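User: I've got this model open on my screen and would like a close look at one part of it. Could you walk me through the inside of the fold?

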Amino acid sequence: MEKLKSYWLDFFASDQNKENWWSRKRKLFTERNAKIVQIKGNGQLYRKLRYIDERSYSYLLHLRFLVKQREKLYMEEVISPYTFSMVNGEIIDHQQHHVWIQNFKGKVVPDMDTETSCKRAVYDRQRAVQYAERWWNSYNPAYRTFEVDCTNYVSQCLFAGGAPMRGAPIRERGWWYGKDSWSFSWAVAHSMRWYLSGSTQGLRGEEKESPEELIPGDVICYDFSGDGRWDHNTIVVAKDAYGMPLVNAHTDNSRNRYWSYEDSSAWTPQIQYKFFRIHTE
């Protein structure tokens with residue numbers, strides 16, 4: 001649609017001082033001494049509703065940013081859902097929408113009895129990252145897809161890297177996935193955050209003080225509002241020219257996104273992070 005194309009052209013040419021995700025993203029790139037060399041985008045319509053004098057549309061916007069930092073070039077990609085209405089040929093109520101919140105905040109028991117504990121395993125970071133790259137914008141049919149899919153995706157990456165499952169069939173215990181059920185820590189962001197910090201065998205997380213200490217295959221957890229509810233998880237897949245993490249994620253499917261998520265519409269100044277070095281031994 002030409003109207004929608006014009007909307008985005010105007011948006012990217014908008015005043016830097018306007019408070020939105022694009023102004024925060026430009027500021028973030030400036031602070032990182034990085035330059036957006038090229039922007040490409042396309043949309044995929046997935047819902048169209050018609051009322052008496054109004055039409056409502058939902059679509060996925062796939063943006064690609066070619067980034068240069070020092071002598072390094074890389075491609076950042078993000079796919080976000082948007083909705084808008086058309087009234088008398090004009091776009092109104094155009095907005096990005098997210099579903100970040102998951103309700104479960106119960107206790108997750110990380111440790112297992114000795115006789116049911118898993119075998120020792122070595123975490124293969126390369127395989128975890130390869131899986132993250134293969135499925136960042138699609139869904140492995142071997143697993144269920146969730147409306148809020150970020151933690152399910154990260155769990156799949158960790159499992160592909162050799163992280164051992166344990167705790168089935170108790171959903172509040174361990175970290176595991178089965179045909180018809182799964183642990184809360186497998187698929188709920190809040191539960192994975194606390195599982196990683198509490199587990200002492202099998203899959204476990206060693207908390208780091210700063211993001212630059214992380215390496216590909218590690219995990220970052222996000223509490224966007226700083227209210228104690230952990231909303232989102234990502235997996236580190238690369239480092240930028242200054243050694244800072246670039247991450248992949250689901251829900252808003254993203255690739256090589258800067259770790260801080262300051263360009264997300266879910267970001268607030270109260271955001272909290274947890275940085276985990278992943279171990280499986």
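Which residues in the largest nonpolar core touch the most other members?

Analyst: Keep in mind that this is a predicted model. In the largest nonpolar core, which has 70 residues, the ones that touch the most other members are W8, W21, L158, I220, Y222, I235 and W259. Let's take a couple of those and see what sits around them.

Start with L158. Setting aside residues up to four places away in sequence, L158 touches Y123, A163, W175, M192, L203, G217, V219 and I278.

Now go to W8, another of those core residues. W8 belongs to helix 1, which covers residues 2-12, and the buried residues of that helix are L4, W8, F11 and F12. Look down the axis of helix 1 and you'll find its buried residues within an arc of 90°, so they line one face of the helix. Turn to the other side of helix 1 and you get E2, L9 and D10, which are exposed. What do the buried residues of helix 1 pack against? They pack against helix 2 (21-31), plus strand 1 (34-50), strand 2 (55-69), strand 3 (72-87) and strand 4 (90-96).

Helix 2 is worth a stop too, as F29 is found there. With a relative accessibility of 4%, F29 counts as buried, since the cut-off for that is under 20%. Not counting residues up to four places away in sequence, F29 touches A34, I36, V67, Y74 and E76. If you want a feel for distances across the model, the C-alpha atoms of F29 and E172 are separated by 41 Å, and the two residues lie 143 apart along the chain.

Next, follow strand 4, where you'll find Q96. The side chain of Q96 makes a polar contact of 3.2 Å with that of S80, and another polar contact, of 3.4 Å, joins the side chains of Q96 and D252. Leaving out neighbours within four places in sequence, Q96 is in contact with W21, S80, P81, Y82, D252 and S265. That list brings in W21, which is one of the core residues named at the start.

Strand 4 also holds D93, and its backbone deserves a glance. Most residues other than glycine have a negative phi, and most peptide bonds are trans. Phi of D93, though, is positive, near 55°. N256, in strand 9 (residues 254-258), also has a positive phi near 55°. Are these two residues buried or exposed? D93 has a relative accessibility of 54%, so it counts as exposed, whereas N256 is at 8% and therefore counts as buried.

While you're checking the backbone, look at the peptide bond from A168 to P169: it is cis, with omega near 5°. P169 sits in the loop between helix 4 (150-160) and helix 5 (184-187).

Finally, zoom out to the whole chain. Its secondary structure comes to six helices and ten strands. The radius of gyration is 20 Å, close to the 19 Å that the globule rule gives for 281 residues, so the chain is as compact as a globular protein of that length. Along its principal axes, the C-alpha trace spans about 70 × 50 × 35 Å. Of the 281 residues, 52% count as buried. Among contacts between residues at least 6 apart in sequence, 62% join residues at least 24 apart. As for the outside, the chain exposes about 14000 Å², with carbon and sulfur atoms supplying 49% of it.

How values were computed
Residues are numbered from 1 along each chain as its sequence is written. This is a predicted model: local features need pLDDT of at least 70, side-chain atom pairs count only at pLDDT 80 or more; totals for chains, interfaces and linings use all residues. Side-chain values use heavy atoms; hydrogens and water are left out. A nonpolar core is a set of buried Ala, Val, Leu, Ile, Met, Phe, Trp, Tyr and Cys residues joined through side-chain atoms within 4.5 Å. Buried means under 20% relative accessible area, exposed over 50%, partly exposed in between (1.4 Å probe, protein chains only). Contact means heavy atoms within 4.5 Å. Helices (H or I, at least four residues) and strands (E, at least two) are DSSP runs, numbered from the N terminus. The arc is that of the directions from the helix axis to the C-beta atoms. The radius of gyration is taken over C-alpha atoms; the globule rule is 2.2 Å times the number of residues to the power 0.38. Accessible areas come from the Shrake-Rupley method with a 1.4 Å probe; for residues, only the protein chains shown count as cover. A polar contact is a pair of N or O atoms within 3.5 Å; within protein, one must be able to donate a hydrogen and the other to accept it, and residues adjacent in sequence count only if both atoms are side-chain atoms.
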